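Please look through the sequence and the coordinates shown below before reading on. The paragraphs that follow go through a few places one after another.

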Amino acid sequence: VQLSCTAICTTDFSIIEGKHRYAAYPIIPGHEWTGTVINIADAKDRYLIGKRIVAENYSTCGRCSACRLGAWNLCTDYQEIGFNKNGGYAEYLVTRANNVHILPPEIPDEAAALIEPTAVVVHGLQHVQLELGNRLIILGDGPIGLLTIQVARVMGVDNIAVIGGYDNRLALCKEYGAKQIFNYHNEGDNLINNVLSQFGLADRIAETSGSVIAVKQSIELAQRGGKICLVGDYEDKQAFIIPNDILIKNLTIFGITASPGTWEKAIYLIATKKIEVISLVTHRTTLNKFKQALKMVQNKEDSVIKCVFKFG
Ligand SMILES: [Zn+2]
Ligand SMILES: [Zn+2]
């Protein structure tokens, strides 16, 4: 695949810094990519040549019990492009023809690079069985949090509160339809009390920030019988939680990795403009500015939300 666009994901920093559990080195990261097929290994895939595509990043054994159940993200020999196979921070990459989705013309390259995180968000919300009219609290105002608002709205959820740390991102949360926003820098120690008094407990919680404090807060903010999905990257940090909060409230906590079965749904959401992803792309750059671009995103400089590398 000749790449046309690759988006920077904050997970890439833990990979590059050697803190990611499943990354294998040396590795070219980059898992939010799109491009054009320029060559194939098997003649039966010839129809793909010249097509604009995205492809699911997984590579699995196909033989373990999880694979046979179709839960490929649970494969005991799970591998993923950008984690332990070379990814999109390059001009070319190799993927499996079976994993390819041909892009409809309605999806421009920059939007296509955001299909992967959208598919992860759909996976998370499906996994917590988000239902019509649920009350939802999202922790984190990064790209995953912003996508979560939009996808949740399509799924019939309007009562959404977001906790984040950046006013420009929280303003965007409101634009995308969040009813209430809370900046933890301003709320300080009163954060949880203020969220509870102004918004209340939530049926569903999406923890997208990757902060272990937010994991504890997710439990505090969940309604009895609530469901929590953890979509952040917590590296190997420890969270302080009170198990009886989970027990007494009968909570269910789901860990979310990857996006089995949700890519076509993400493509549908973007192609039909049910969600709008281009406005997340605040910066465009080229691979020869790799270091500067990563530093900018990591330090959240210049009000960056999503930065994409453009090729060619
Ligand atoms: Zn990502
Ligand atoms: Zn397997």
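In which loop does Ser 303 lie? In this predicted model, Ser 303 belongs to the loop between H12 and S14, and its phi is positive, at about 50 degrees, although the residue is not a glycine. Asp 302 is found in the loop between helix H12 (290-298) and strand S14 (306-310), and for Asp 302, which is likewise a residue other than glycine, phi has a positive value near 55 degrees. As for accessibility, Asp 302 counts as exposed because its relative accessible area is 59%, while Ser 303, with 44%, is partly exposed.

Another backbone feature is found in the loop between helix H1 (11-16) and strand S2 (32-36), where Pro 26 is placed. The peptide bond that leads from Tyr 25 to Pro 26 is cis, with an omega near -5 degrees.

The metal sites come next. The zinc ion (ligand 1) is coordinated by Cys 9 through SG, by His 31 through NE2 and by Glu 32 through OE, at 2.1 to 2.4 Å, and along the chain these donors follow the spacing C-x21-H-E. Of the residues of this site, both His 31 and Glu 32 are buried.

For the zinc ion (ligand 2), the protein donors are the SG atoms of Cys 61, Cys 64, Cys 67 and Cys 75, which lie 2.3 Å from the ion, and their spacing along the chain is C-x2-C-x2-C-x7-C. The angles among the four donor atoms run from 103 to 119 degrees, and the site is tetrahedral. Cys 61 is partly exposed, its relative accessible area being 28%, whereas Cys 64 counts as buried, since its relative accessibility is 14%.

His 123 is a residue of helix H4 (residues 115-127), and it counts as buried because its relative accessibility is 7%. If residues up to four places away in sequence are not counted, His 123 touches Asn 73, Ile 256, Thr 257, Ala 258, Ser 259, Pro 260 and Thr 262.

The last place is a pair of helices. The axes of helix H5 (residues 143-154) and helix H6 (residues 167-176) come within 9 Å and cross at roughly 10 degrees, which means that H5 is roughly parallel to H6, as angles under 35 degrees are classed in this way. On the H5 side, Pro 143, Leu 146, Ile 149, Gln 150 and Arg 153 take part in the contact, and they meet Arg 169, Leu 172, Cys 173 and Tyr 176 in H6. The residues of this contact of H5 with H6 divide into six nonpolar, one polar and two charged.

Conventions: Residues are numbered from 1 along each chain as its sequence is written. Chains are lettered from A and ligands numbered from 1 in the order in which they are written. This is a predicted model: local features need pLDDT of at least 70, side-chain atom pairs count only at pLDDT 80 or more; totals for chains, interfaces and linings use all residues. Side-chain values use heavy atoms; hydrogens and water are left out. Axes are lines fitted to C-alpha atoms, for helices over the stretch in contact, and angles run from 0 to 180 degrees between N-to-C directions. Helices (H or I, at least four residues) and strands (E, at least two) are DSSP runs, numbered from the N terminus. Angles under 35 degrees count as roughly parallel, over 145 as roughly antiparallel, 65 to 115 as roughly perpendicular and the rest as oblique. Contact means heavy atoms within 4.5 Å. Ala, Val, Leu, Ile, Met, Phe, Trp, Tyr, Cys and Pro count as nonpolar, Asp, Glu, Lys and Arg as charged, and the others, Gly among them, as polar. Donors are N, O and S atoms within 2.8 Å of the metal (3.2 Å for Na, K and Ca); water is not among the atoms, so sites may look incomplete. Four donors count as tetrahedral if all angles lie between 85 and 135 degrees; four count as square planar and six as octahedral if opposite donors are over 155 degrees apart and all others between 65 and 115; anything else is irregular. Buried means under 20% relative accessible area, exposed over 50%, partly exposed in between (1.4 Å probe, protein chains only).
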